[in-house]
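Here is a set of short questions and answers on one chain. Each answer closes on the value or name asked for.

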Amino acid sequence: MNTSLFRVLSKGQRTGNGLRAALFLGLVIACGWPSDKLGAQQPCEDGVAGQYPCLGMDLLCVRSLEEMGGTPDGNGNDCWGWSSGEREFMLFGRSDGTTIIEVTDPVNPVIMTDVPTASTPSLWRDIKVIGDAAYIVSEAGEHGMQVVDLSQLPLGAPGDPVGTLAYYTGFGNAHNLVANPETGFVYGVGTNTFGGGLHIVDVNEPNNPVLVGSWEESYIHDAQAVIYNGPDADHQGKEIVFAFSGFAGCFIIDAEDKTDCQTLSAVTNEEWVYSHQGWLTEDHRFVLLNDEIDESTGIAPLTRTWVLDVQDLDNAQVIGYHEGNLGVTDHNLYIRDGQAYQANYYAGMQVLDIVDAANAEMELVAYFDTNPFWDGVGTSGGAWNVYPFFESGNIAISTQSHFFMVRPSEGTSGLRLPESQAESIQLWMQDGRVKVRSNQSGLATVMDTQGRVQATWPLQSQGWSTFITEGWASGTYLVKTQTGFTERFLVH
């Protein structure tokens, strides 16, 4: 690829879709789709990581749909994560099945196994995890819910099949699946039952899923189920579902009694077209919501992230919206440590710092553009989902054609790594050296992803300690203190 041409194009992406649209076909014809090999581990420098436009996000790896076991005429879709001790795994949805990948070393991911679809291929597949079980649904006809045993993965070798704990056939054609790990219930939504509303299944015994209730006032496209811990004292400690209903808006549902779910609020707005998905802030005071169609209908010239005030669950209110810098279609978003990680189709992943939710004030602090040729309205390409919940701080992105692992660049202003890690040990990489600061003194052990000891480092409880990694093999390493706190770093 002509690097200078690409860099000029990538700079234009943030300001003018017209230029990129005009150049898109010519560049693809001349150069082909970006090489996956060029997309291997790359720091974000001068606004690009390899050939992918970025801000504050390094590229760890990228794999094509075919490399993930998909077919040339298929597509990728959802993704979700699972951890076993210090090992991390990613479940990547495809039109014809689910690929399970170990990403403990995100630079060198290992495909562990494939879970074929239970029926015919479909554009939509959704995956959630509770404990050591994965729950997989699809909008394909007659596809129920696959329950897969993940506990075999750390013991198995690549290529070994995983066990199926159960296959639930109480619904079909599920657009999505919602899981509440706190209570052990999953909610099929957009299914062929209960008008597409909530189809509630008890999976506390994963090998014996049981239908326990429903809510059928409206079709539900996506939702989040939590044990409510917000400021509304009347509902604290109850299981509450925040449900996004497409053309019908947003519903807040008391699902504490699964046999008698009660609607607390029904929220609509004249500027909403399709209430697609949303997520609660960590204090349960606000909901961030995305509208998947307002950009394509011309209502929103730039991507909008809406904010709902849910401090009174019986009287939820729309506050307003944050307007982004691109006119692209938004999809799924999740919140971690006060920041919203958004999968925004052709703009890739964008990270917004929630500066002041009460006034819908947010700030773009990072992005990784998985589709470097074009930013525009549409749902046929780009980032479908993002998973930002790994303790390592690594982030997975699934698109309809590729799978990515990225990580915040060292020292990136405005980005916060997981607080559980940042409070115990901090790392700073520079010129073949690792600077380490810990709040515990003593010896730290440095291991590769196979558990082999690479070094022992004496740490002090104040200030920084500096260690040389020159000559080490490229890849991911784990620093573990004597108190058990860990952090990972990459050697390029």
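Q: What share of the chain's contacts with a separation of 6 or more comes from residues 24 or more positions apart?
A: The model is predicted. The count takes contacts in the chain with a separation of 6 or more. Residues 24 or more positions apart account for 53%.

Q: How many helices and strands are there in the chain?
A: The chain has both kinds of element. The count is three helices and 37 strands.

Q: What percentage of the residues count as buried?
A: The chain has 492 residues. Buried means under 20% relative accessible area. The share that meets this is 58%.

Q: What part of the accessible surface belongs to carbon and sulfur atoms?
A: The accessible surface of the chain comes to about 18700 Å². Carbon and sulfur atoms hold 49%.

Q: Is Gln 350 buried or exposed?
A: Gln 350 lies in strand β26, residues 349–356. Its relative accessibility is 6%. The cut-off for buried is under 20%, so Gln 350 counts as buried.

Q: Which side chain makes a polar contact with that of Gln 350?
A: The contact joins two side chains at 3.2 Å. One belongs to Gln 350, and the partner is Asn 344.

Q: Which strands stand at the edges of the open sheet, and why is one side of each left without a neighbour?
A: Six strands form the sheet, with antiparallel pairing, in the order β1-β2-β27-β26-β25-β24. Each edge strand has a single partner strand, so one side of each has no neighbour in the sheet. The edges are β1 (48–49) and β24 (333–336).

Q: Which residue of β27 stands opposite Val 351?
A: Strand β27 covers residues 361–368. β26 and β27 pair in the antiparallel sense over seven bridges. Opposite Val 351 stands Ala 366.

Q: Why is strand β16 largely enclosed by the rest of the structure, and which residue of β17 stands opposite Ala 225?
A: Five of the six residues of β16 (222–227) are buried, so the strand is largely enclosed. β16 pairs with β17 (residues 239–244) in the antiparallel sense over six bridges. Opposite Ala 225 in β17 is Val 241.

Q: How many aromatic pairs are there?
A: Rings pair if their centres lie within 6.5 Å. By this rule the count is 22.

Q: How many residues apart in sequence are the parts that Trp 272 and Trp 306 tie together?
A: Trp 272 and Trp 306 form an edge-to-face pair, 6.0 Å centre to centre with 80° between the planes. Trp 272 lies in the loop between β19 (262–267) and β20 (275–280), and Trp 306 in strand β22 (residues 304–309). The pair therefore ties together parts whose separation in residues is 34.

Q: What is the angle between the planes of Trp 472 and Tyr 477?
A: Trp 472 is buried at 15% relative accessible area. Tyr 477 counts as buried at 6%. Their rings form a tilted pair, 5.0 Å centre to centre, and the angle is 55°.

Q: Which charged residue lies over the face of Trp 80?
A: Trp 80 is one of the members of an aromatic cluster with Trp 279, Tyr 334, Tyr 387, Phe 389 and Phe 390. At 4.9 Å from the ring centre of Trp 80 lies Lys 128.

Q: How far from the ring centre of Phe 185 is the charged end of Lys 258?
A: The charged end of Lys 258 sits over the ring of Phe 185. Its distance from the centre is 4.3 Å.

Terms used:
Residues numbered from 1 in each chain as written. Predicted model: local features only at pLDDT ≥ 70, side-chain atom pairs only at ≥ 80, totals over all residues. Heavy atoms only, no water. Helix = DSSP H or I, 4+ residues; strand = E, 2+ residues; numbered from the N terminus. Buried < 20%, exposed > 50% of the residue type's maximum accessible area, 1.4 Å probe, protein only. Contact = heavy atoms within 4.5 Å. Areas by Shrake-Rupley, 256 points an atom, 1.4 Å probe, with all protein chains shown as cover. Polar contact = N/O pair within 3.5 Å; in protein donor to acceptor, adjacent residues only side chain to side chain. Pairing = 2+ DSSP bridges. Phe/Tyr/Trp six-rings, centres within 6.5 Å; stacked < 30°, edge-to-face > 60°. Lys NZ or Arg CZ within 6 Å of the ring centre and 35° of its normal.
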